[in-house]
Amino acid sequence: MGAVDPIPEADPAPRRASRRSPAKAVESSLRIVGVGGGKGGIGKSLVSASVAIELARRGKRVVVVDADLGGANLHTCLGVDLPSAGLGDFLERRVERLDEALVPTGVPNLSLLSGAHDPLDVANPKHQQKMRLFRGIQALDVDFAVLDIGGGTNFNVLDFFLLADHGILTLVPEPTSVENAYRFLKAAFYRRLRAVETVYGLGDLLSEIGRAPAGTVTGPRTLLAQVRERDVATGDLLEREMKKFRPRLVVNMARTEGDQGVGAAVVSAWRKYFGLDMDYLGCIGYDDEVWRCVRSRRALLLEQPEGRTAQAISGIVGRLLEIDSSLLREEN
Amino acid sequence: MAEPSHYELLDLAPGCTPQEVQAAYARVKAQLAPDALATYALIGPEERAEQLRRIELAWAVLGDGEKRKAYDRELGLPSAEEKPVEPAIPPPAVRPEASNAMATSAPTAAEPPSPALAPIRAPTVLDPPMPANESSPPPPEVVSPPMEPRSVRPTPVPGAPVDPEVRPVRKTEAELPAEGPVTGEALRRVREALGLTLKDLEQRTKIGHWHFDAIEKERFAALPAPVYLRGFLSSLARELKLDPIRVSRSYLEVVEKGRKS
């Protein structure tokens with residue numbers, strides 16, 4: 001999803017800001033993984049921390065970023081004491097480069113960019129601050145940056161998700177979470193289209209569709225048909241852009257056999273009724289050990305490296321790497 | 001992003017077995033239950049009803065060996081039986097949900113829709129009329145949906161070759177003639193064009209299939225009193241996507257004339 005950059009706002013020079021940083025343009029192998037889900041309490045931080053640890057275990061150089069601005073607690077899921085440096089130092093320009101704000105995690109190959117010492121107004125960064133942070137992340141000299149993204153569907157949250165090469169949607173098999181997950185995806189999708197609407201001249205259509213109430217099927221297919229009616233070539237361009245929006249799905253806290261089927265059902269429903277594709281990475285069963293570890297402020301994957309959650313995470317990361325390899329092959 | 005084929009609607013790949021079709025039908029239908037977690041927040045009641053209609057249509061075709069063969073031919077696919085051992089075009093992998101992936105392990109990727117699949121088309125009837133073996137005495141009141149894949153019934157036509165490949169193809173429109181009385185024969189043609197059996201209608205309307213059979217064959221003596229018949233006709237018309245008022249009025253006139261003559 002990271003092919004189109006975060007999203008123009010009322011910025012005096014959005015074009016300049018929306019280009020990939022020079023660091024990315026120069027043979028960077030960085031891949032950004034964003035973990036979102038639109039709702040709090042569904043395990044985004046646990047998934048982020050665990051995916052990052054598993055990637056590091058497999059020999060990748062990883063930075064895990066607490067991108068839950070204003071609600072940062074990723075360090076706790078990693079079993080790291082309150083870090084002495086972090087995002088705030090970068091945002092307030094006490095350091096110039098993001099890697100100067102990283103703290104070690106005790107796991108080889110894995111550093112943390114913590115948000116624990118954020119200034120209190122960090123939840124609402126100025127546009128320029130946000131773009132600087134994005135460029136800083138894109139300039140990190142590692143293999144993977146894993147972003148733990150906050151809840152809700154505000155623009156900052158969506159933009160972190162859209163920055164990622166792999167946007168992982170986390171949900172738990174409960175109505176509230178599934179509702180929010182769809183809302184989150186739709187909001188992210190339309191925000192992504194906004195980034196290209198000036199190029200394609202889609203303004204009116206997008207506004208119309210963005211206002212459609214939840215539960216209606218006015219989706220990409222309808223939009224595409226409307227655009228095609230006007231202009232076939234633009235329709236083709238739009239379809240290509242739409243296909244790039246391809247989230248990955250992780251189902252967390254599955255308790256029953258039925259819960260384990262929810263992931264496949266969501267992928268199927270998203271494709272059939274919204275018209276877009278999604279990759280299912282796997283399912284993590286409900287595990288009492290998770291809260292025990294959080295209570296004792298220890299990283300689950302380090303405490304129980306062979307436990308069933310660790311095994312599920314290993315499967316998820318394996319699948320993610322497969323998808324990543326096939327994307328790289330396509331790009332080359 | 002063309003309209004999905006019957007296979008795509010059921011999350012199936014062409015070439016799947018009848019058992020897979022049956023399991024997929026049950027699974028996809030369950031996903032469209034009003035409280036199904038994966039869909040209730042994504043689609044509204046009208047869209048749900050429309051999707052269920054499509055699923056039933058897909059099942060009516062793919063769940064029936066003969067109809068499925070005809071449909072595969074329409075899509076330009078080799079049918080399951082006709083497929084060579086090493087097909088020239090390998091069928092796409094079955095989606096994870098189709099293989100009922102139990103997902104503590106990593107599932108396979110959801111494949112993009114196969115470009116080989118054409119958009120859904122108005123169904124056509126390639127077979128001669130079904131033999132009239134469904135007008136026997138009434139079965140039990142509640143009939144559950146067919147859970148076994150329907151057998152491939154040979155439908156011999158006197159004087160016509162039975163090989164489906166050489167049998168003349170007769171297409172039927174899913175519409176009534178614009179004018180004139182609504183006859184039983186016309187209703188049967190519409191039903192068959194939609195790929196529906198009398199049992200399908202019974203399952204959808206909870207009205208015994210023998211009533212629909214009597215309506216189509218215009219066996220007026222077997223029809224219920226007009227006060228009930230009107231309701232049956234309206235339900236039938238709705239299933240056939242016809243105007244319920246025109247169908248019930250016109251057919252009741254046909255009945256009236258028939259009974260007088």
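Student: What is the strand order of the open sheet in chain A?

Tutor: Strands of a sheet pair through backbone hydrogen bonds, either parallel or antiparallel. Here the open sheet of eight strands in chain A follows the order E3-E4-E2-E5-E1-E6-E7-E8, with mixed pairing. Its edge strands are E3 (103-104) and E8 (279-285) of chain A, each of which pairs on one side only. Two strands count as paired if DSSP finds at least two bridges between them. Helices (H or I, at least four residues) and strands (E, at least two) are DSSP runs, numbered from the N terminus.

Student: On what basis should the values be read?

Tutor: The model is predicted: local features need pLDDT of at least 70, side-chain atom pairs count only at pLDDT 80 or more, and totals for chains, interfaces and linings use all residues. Residues are numbered from 1 along each chain as its sequence is written, chains are lettered from A and ligands numbered from 1 in the order in which they are written, and side-chain values use heavy atoms, with hydrogens and water left out.

Student: In which sense do E3(A) and E4(A) pair, parallel or antiparallel?

Tutor: E3(A) and E4(A) pair in the antiparallel sense over two bridges, and Pro104(A) stands opposite Ser111(A) in E4(A). The hairpin of these strands has five residues between them, and Gly106(A) takes a positive phi near 90° there. E2(A) and E4(A), by contrast, pair in the parallel sense over four bridges, with Leu110(A) in E4(A) as the bridge partner of Val62(A).

Student: How many bridges join E1(A) to E6(A)?

Tutor: Four bridges join E1 (residues 31-36) of chain A to E6 (residues 166-171) of chain A, and these strands run parallel. Across this pair, Gly34(A) has Gly167(A) as its bridge partner, while Val35(A) stands opposite Ile168(A). E6(A) also pairs with E7(A), in the parallel sense over four bridges; there Leu171(A) is partnered by Val251(A) in E7(A).

Student: Which residues of E6(A) point one way, and which the other way?

Tutor: In a regular strand the side chains alternate between the two faces of the sheet. In E6(A), His166(A), Ile168(A) and Thr170(A) point one way and Gly167(A), Leu169(A) and Leu171(A) the other way. Six of the six residues of E6(A) are buried, where buried means under 20% relative accessible area, exposed over 50% and partly exposed in between (1.4 Å probe, protein chains only). Of the 332 residues of chain A, 59% count as buried.

Student: Which strands does H3(A) lie across?

Tutor: H3(A) lies across E1, E2 (62-67), E4 (110-113), E5, E6 and E8 of chain A, running at about 170° to E5(A). Axes are lines fitted to C-alpha atoms, for helices over the stretch in contact, and angles run from 0 to 180 degrees between N-to-C directions. Helix H13 (residues 262-274) of chain A lies across E6, E7 (248-254) and E8 of chain A, at about 145° to E7(A).

Student: How do H3(A) and H16(A) pack?

Tutor: Angles under 35 degrees count as roughly parallel, over 145 as roughly antiparallel, 65 to 115 as roughly perpendicular and the rest as oblique. H3 (residues 44-57) and H16 (residues 308-331) of chain A pack at about 70°, with their axes 9 Å apart, and are therefore roughly perpendicular to each other. Ser50(A), Val51(A), Glu54(A) and Leu55(A) of H3(A) meet Ile313(A), Ser314(A), Val317(A) and Leu321(A) of H16(A); contact means heavy atoms within 4.5 Å.

Student: How do H2(B) and H3(B) pack?

Tutor: H2 (residues 18-31) and H3 (residues 45-62) of chain B pack at an angle of about 175°, their axes being 10 Å apart. The two helices are therefore roughly antiparallel. Among the residues making the contact are Tyr25(B) of H2(B) and Trp59(B) of H3(B).

Student: Where is Gly151(A) found, and which residues does Gly151(A) touch?

Tutor: Gly151(A) is found in the loop between E5 (144-149) and H7 (155-163) of chain A, and is partly exposed, with a relative accessible area of 31%. Not counting residues up to four places away in sequence, Gly151(A) touches Gly38(A), Lys39(A), Lys44(A) and Val157(A). The C-alpha atoms of Gly151(A) and Gly37(A), 114 residues apart along the chain, are separated by 6.5 Å.
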